[in-house]
Amino acid sequence: MAEKALLNACGAEDDLEAISAKPTCFFLLGKPGAGKTRLARRIAASQRCEYIDWASAIAEEIRNNSELGSRCEELLLKGEAVPESLAVEALISKLESNKVAHYGYVLDGLPCQCDDWVNVDEQLAFVLDLRFKPDFVINMRIPDADLLERRVGVLIDPETNFLYGKEAHSPR
């Protein structure tokens with residue numbers, strides 16, 4: 001009670017409320033090539049949220065020399081893929097970070113290589129079980145024929161490793 005009175009006297013109660021408010025969180029889902037990453041990066045930049053994707057979360061675990069990172073690195077050095085279950089562990093670690101608690105997040109999909117592992121309902125159940133539940137869920141749906149057309153002309157920028165369509169988004 002005394003703290004609240006002091007905050008009122010200083011005019012800082014609104015600041016405390018803003019600081020303790022839940023950060024804005026977004027979850028984008030959709031098939032590979034639907035445009036999730038491009039939109040997620042734009043939202044993260046405009047909302048000043050943490051951009052989170054499973055590959056970066058794994059890379060961060062490896063850089064931090066965590067036990068999870070060591071397991072992932074061992075698999076990658078053998079030329080094997082990181083199982084989706086380990087990728088999800090890396091995501092959870094990132095989603096529970098102090099940066100996310102302060103800035104919020106934009107989650108760029110889940111590591112789902114096939115519909116059998118995690119379907120849309122399971123993805124939603126996963127994000128709704130997070131400490132910071134998404135305020136916005138964006139399901140990017142695009143017909144398979146359009147996805148195929150988009151993916152056929154995709155190139156990788158050798159400097160940034162970003163994917164781009166050669167006709168519309170060439171960085172050169």
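**The loop after β1**

In this predicted model, G35 sits in the loop that runs between β1, residues 25-30, and α3, residues 36-47. G35 is partly exposed, its relative accessible area being 25%. Although G35 and R141 are separated by 106 residues in sequence, their C-alpha atoms are 9.5 Å apart in space.

**Strand β1 and its partners**

The strand that precedes this loop is mostly covered, since five of the six residues of β1 are buried. β1 is joined to strand β3, residues 105-108, by four bridges, and these two strands run parallel; within this pairing, L28 of β1 stands opposite D108 in β3.

β1 is also joined to β4, here by five bridges, and again the two strands run parallel. In this second pairing F26 is the residue that stands opposite F136 in β4.

**The aromatic pair**

The structure holds one aromatic pair, and F26 and F136 are the residues that form it, in a stacked arrangement with 5.1 Å from centre to centre and 20 degrees between the planes. Because F26 belongs to strand β1 and F136 to strand β4, residues 136-140, the pair ties together parts of the chain that are 110 residues apart in sequence.

The two rings' residues can also be described by their accessibility. F26 counts as buried at 7% relative accessibility, whereas F136, with a relative accessible area of 44%, is partly exposed.

**A charge over a ring**

Another contact with an aromatic ring involves R41 and Y51: the charged end of R41 sits over the ring of Y51, at 4.5 Å from the centre of that ring.

**Cysteines**

How many disulfides does the model contain? The count comes to zero, where a disulfide requires a pair of cysteine sulfur atoms within 2.5 Å. For C25, the nearest cysteine sulfur is that of C49, which is 6.9 Å away, and C25 is accordingly in no disulfide.

As to accessibility, C25 is buried, with a relative accessible area of 0%, and C72 is likewise buried, its relative accessible area also being 0%.

Notes. Residues numbered from 1 in each chain as written. Predicted model: local features only at pLDDT ≥ 70, side-chain atom pairs only at ≥ 80, totals over all residues. Heavy atoms only, no water. Buried < 20%, exposed > 50% of the residue type's maximum accessible area, 1.4 Å probe, protein only. Phe/Tyr/Trp six-rings, centres within 6.5 Å; stacked < 30°, edge-to-face > 60°. Lys NZ or Arg CZ within 6 Å of the ring centre and 35° of its normal. Pairing = 2+ DSSP bridges.
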